[in-house]
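Here are some short exercises to work through with the model open beside you. Try each task before you read its solution.

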Amino acid sequence: MVRRQQSADRAVRPKLRSPGHPKYQRHVETAFWAEIAKGLRAEQAAAVIGVAPAVATRWYRQAGGMRPFVPRLPSGQYLSFPEREEIALLNAQGRGVREIARDVGRDPGTISRELRRNAATRGGRLDYRASVAQWKADLAARRPKTAKLVVNPLLHAYVQERLSGQISTPDGETIAGPEIGRWTGRNKPHRQDRAWVQAWSPEQIANRISVDFPDDESMRISHEAIYQALYIQDRGALKRELILCLRTGRALRAPRARSRRKTWAHVTPEALISERPAEVEDRAVPGHWEGDLIIGLERSAIGTVVERSTRFTMLIHLPREEGYRHKHTIKNGPALAGYGAITMKNALTTAMSTLPQQLARSLTWDRGKEMSAHLQFKVETGIPVFFADPHSPWQCGTNENTNGLLRQYFPKGTDLSRWSTEEVEAVAHALNTRPRKTLGWKTPAEAFAEQLRSAQQAGVATTG
């Protein structure tokens with residue numbers, strides 16, 4: 001009996017640091033990272049799962065913006081948090097180990113070890129509380145795998161050299177580059193010098209290393225492991241400031257879904273392309289347009305609006321406003337380059353107000369600030385405006401293709417403001433009378449005229 005008691009006493013865990021606030025249950029953190037993966041910010045995810053914004057922000061920053069390894073939810077083999085709450089309640093009532101075991105449905109030895117191992121030891125006595133017990137059990141259940149870059153110095157040196165190694169001339173002379181300040185823990189400096197380093201991307205490193213060490217299987221690493229070593233503090237393999245060697249220079253990694261959901265200052269959530277009607281995709285329903293600008297020299301521009309089903313093109317003449325680059329220009333006054341938000345709204349309203357309702361159902365634009373007045377445009381014309389995702393030109397592919405054709409008439413690096421309204425309309429007419437393979441060799445003007453006649457006949461039939 002004495003030997004068994006000594007073994008039981010040795011089962012008591014050593015003192016651990018204070019957990020502070022009782023740890024949130026594992027499924028709460030799992031739900032938090034699931035919301036982050038959807039593109040929500042930490043504060044928004046905190047509101048969804050019901051934790052304090054400061055807690056959620058701390059989770060996100062400590063993990064470097066990357067979802068940490070979260071063990072699977074406990075199976076029936078191990079005690080769950082509700083079971084620990086039941087044990088704590090029965091123990092506080094003075095129940096014996098065997099009685100608690102019968103009520104919980106566990107072996108008495110399991111209950112005895114639980115009360116000894118996971119009890120709070122503050123004050124020099126064993127005080128069993130469910131939250132502390134769950135925290136200790138989670139710590140003991142961790143099986144951290146040592147990072148490959150920690151145990152392999154040669155691999156660590158290879159990766160670090162490709163990330164932050166100095167550049168040199170073809171003759172081997174090292175070039176120091178500009179002087180830079182101390183890293184502040186935030187993103188790359190805005191409009192300031194950055195270090196001149198090798199700056200290989202993790203993907204380039206991961207794929208090149210197998211070429212440089214074809215026979216050494218220990219010299220292998222994935223690009224994701226390099227990102228984790230940079231962004232997750234607990235990995236302890238690479239210094240955090242090396243993130244400045246990445247092209248983006250982000251201090252925290254942003255989920256890919258966030259860039260799709262991110263609304264810019266002038267883009268409201270209901271104007272995202274994900275909210276656009278599904279009928280737009282197959283081009284079967286006419287009246288859905290795509291718009292953009294072609295930019296010329298000295299902030300000159302021409303607006304392009306293309307109908308998705310017929311490829312009919314309208315060009316918006318955008319001459320510079322009076323007073324452009326004049327010495328008496330009003331500070332913080334309206335944009336005078338020709339494609340300011342109000343100028344763009346007025347010109348676009350004039351062009352599209354002539355269309356029947358059946359041929360003016362929606363307009364899709366890129367993220368340009370020239371459409372900042374899209375809500376006023378919708379009020380005046382009744383046409384809703386949707387904005388494509390950032391860096392996603394394929395979402396306005398019809399317009400992108402049309403702009404490529406227009407560059408034959410309006411090359412890059414030329415002043416587009418020199419052309420009059422009549423000249424711009426002549427170019428649009430040339431495009432609209434050119435046969436297209438995708439239209440069965442009809443011209444866009446012919447296809448649009450057919451849609452226009454159908455819309456007029458439908459309007460007459462409805463009136464009659």
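### Exercise 1: A strand and its neighbours

Strand 4 and strand 5 run antiparallel and are joined by six bridges. This is a predicted model, so please read each solution as a description of a prediction.

**Task.** Find the bridge partner of Val306 in strand 5, then work out which residue takes a positive phi in the hairpin of strand 4 and strand 5.

**Solution.**
- Step 1: Val306 has Thr313 as its bridge partner in strand 5.
- Step 2: The hairpin has five residues between the strands.
- Step 3: In this hairpin, Arg311 takes the positive phi, near 65°.

**Task.** Now do the same for the pairing of strand 3 and strand 4: in which sense do they pair, and over how many bridges?

**Solution.**
- Step 1: The pairing is antiparallel, over seven bridges.
- Step 2: Leu293 has Gly303, in strand 4, as its bridge partner.
- Step 3: This hairpin also has five residues between the strands, and Glu298 takes a positive phi near 55°.

### Exercise 2: Two faces

**Task.** Decide whether each face of strand 4 is covered or open.

**Solution.**
- Step 1: In a regular strand, side chains alternate between the two faces of the sheet.
- Step 2: One side of strand 4 holds Ala301, Gly303, Val305 and Glu307, and the other holds Ile302, Thr304 and Val306.
- Step 3: Buried means under 20% relative accessible area, and the residues on both sides are all buried. Both faces are therefore covered.

### Exercise 3: The core

**Task.** Name the residues with the most contacts inside the largest nonpolar core, and say which elements supply at least two residues each.

**Solution.**
- Step 1: The core has 26 residues, and those with the most contacts inside it are Trp289, Val305, Leu348, Met352, Leu363, Trp365 and Met371.
- Step 2: Strands 3, 4, 5, 6 and 7 each supply at least two residues, as does helix 14 (341-352).
- Step 3: A second, separate core has 24 residues, including Leu163, Met219, Leu230 and Tyr231.

### Exercise 4: A helix and a pocket

**Task.** Check the length of helix 2 against its expected span, then find which helix gives the most to the lining of the second largest pocket.

**Solution.**
- Step 1: Helix 2 has twelve residues, so at 1.5 Å a residue it should span 16 Å; its end C-alpha atoms are 17 Å apart, which agrees.
- Step 2: Helix 2 is among the helices that supply at least two residues of the pocket lining, but helix 12 gives the most, with five.
- Step 3: The lining divides into 18 nonpolar, twelve polar and 15 charged residues.

Conventions: Residues numbered from 1 in each chain as written. Predicted model: local features only at pLDDT ≥ 70, side-chain atom pairs only at ≥ 80, totals over all residues. Heavy atoms only, no water. Core = buried A, V, L, I, M, F, W, Y, C linked by side-chain atoms within 4.5 Å. Buried < 20%, exposed > 50% of the residue type's maximum accessible area, 1.4 Å probe, protein only. Helix = DSSP H or I, 4+ residues; strand = E, 2+ residues; numbered from the N terminus. Nonpolar A, V, L, I, M, F, W, Y, C, P; charged D, E, K, R; others polar. Expected span 1.5 Å × (residues − 1). Pairing = 2+ DSSP bridges.
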